[in-house]
Amino acid sequence: MKPACIFDLDGVIVDTAKYHYLAWKRLANSLGFDFTEHDNEQLKGVSRIESLNLILRLGGKELDAAEFDAALVRKNGWYLEYIQQIGPEEILPGAAEFLSSARAQGMKVALGSASKNAVLILERIQLLDQFDAIVDGNKVSKAKPDPEVFLKAAEELAVPASACIVFEDAVAGVQAARNAGMKVVGIGSAAVLDQAHFVLPNFAGLSIVDVLARFA
Ligand code: G6P
Ligand code: MG
């Protein structure tokens, strides 16, 4: 069985972390505390609800259920404002070429992202037509490290989990891929993503053939 690729979105294909950061910081400031870029590292791959829980813990602030929901809506509104501006120039180095190289090998390609804004982002960066299946935050109920998002992607591609290679920049995402019984390539720092089969700093200059060779 030909292997298939499953890509995380934020931090793997596109650099949206800075916009999530700006929107969370704006929210934290509106609630009377600050939120640093350093703390933002902990939010990578973390769902919207869990992110707010974490930020409130960091700020020592409690919200009732209605305020909590209103805060989520406000943050997402600001985030959407920021990402309306993005285009293909925000695609991370080599990512578009890497995707094409997988398709050129006749491999199936899926998205496996926690984001509920994934389709909008793929439209804006003009990569929506590169995916055979899209599993995003609207289709899953369990956050990474639960394997649900990747198992659903494999199911939509009709490929067994053992034949999938996941590309992930977040610790929770690497664990989710492992929990799904998939191969996983970390994108970022090898020190941080030590549970990945191997780690690449980014996709620049690489094609799927290089990755397949590492697994051969
Ligand atoms: C990705 C990002 C997280 C973000 C999550 C939900 O996993 O890495 O930072 O919180 O998606 O994104 P959303 O666009 O639905 O708020
Ligand atoms: Mg990510």
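These are my notebook entries on the cysteines and the ligand site of this structure.

**Entry 1: the model.** I'm working from a predicted model, so I note that its local features are only taken where pLDDT is at least 70.

**Entry 2: disulfides.** I first looked up how many disulfides the structure holds. The count came back as 0. I reminded myself that a disulfide is a covalent bond between the sulfur atoms of two cysteines.

Why does Cys5 have no such bond? I checked its sulfur against the closest cysteine sulfur, which belongs to Cys164, and found 8.8 Å between them. A disulfide needs the two sulfurs within 2.5 Å, so this pair is too far apart for a bond. Looking from Cys164, I got the matching answer: Cys164 is in no disulfide, and the nearest cysteine sulfur is that of Cys5.

**Entry 3: cysteine surroundings.** Are these cysteines buried or exposed? Cys5 is buried, and I wrote down a relative accessible area of 0%. Cys164 is buried too, also at 0%.

**Entry 4: where ligand 1 sits.** Next I turned to the pockets. The largest pocket is the space that ligand 1 takes up. I found 14 residues around ligand 1, and the closest are Val46, Arg48, Ser115, Lys116 and Asn117. Sorting that shell by type gave me 6 polar, 4 charged and 4 nonpolar residues.

**Entry 5: contacts of ligand 1.** Which atoms of the protein come up against the ligand's oxygens? I listed three contacts.

- Val46 brings a backbone N or O atom to 2.7 Å from an oxygen atom of ligand 1.
- Arg48 has a side-chain N or O atom 2.8 Å from a ligand 1 oxygen.
- Asp10 has a side-chain N or O atom 3.5 Å from an oxygen of ligand 1.

Last, I looked up how much of ligand 1 is covered. On its own ligand 1 has 390 Å² of accessible area, and the protein covers 96% of that.

Definitions and conventions
Residues are numbered from 1 along each chain as its sequence is written. Chains are lettered from A and ligands numbered from 1 in the order in which they are written. This is a predicted model: local features need pLDDT of at least 70, side-chain atom pairs count only at pLDDT 80 or more; totals for chains, interfaces and linings use all residues. Side-chain values use heavy atoms; hydrogens and water are left out. Buried means under 20% relative accessible area, exposed over 50%, partly exposed in between (1.4 Å probe, protein chains only). A residue is near a molecule or strand if one of its heavy atoms lies within 4 Å of it. A polar contact is a pair of N or O atoms within 3.5 Å; within protein, one must be able to donate a hydrogen and the other to accept it, and residues adjacent in sequence count only if both atoms are side-chain atoms. Accessible areas come from the Shrake-Rupley method with a 1.4 Å probe; for residues, only the protein chains shown count as cover. On a 1 Å grid over the protein atoms alone, a cavity is a set of points where a 1.4 Å probe fits but cannot get out, and a pocket is an open set with protein on both sides within 12 Å along at least five of seven lines; lining residues have an atom within 4 Å of a point. A molecule sits in a cavity or pocket if more than half of its atoms lie within 2 Å of its grid points. Ala, Val, Leu, Ile, Met, Phe, Trp, Tyr, Cys and Pro count as nonpolar, Asp, Glu, Lys and Arg as charged, and the others, Gly among them, as polar.
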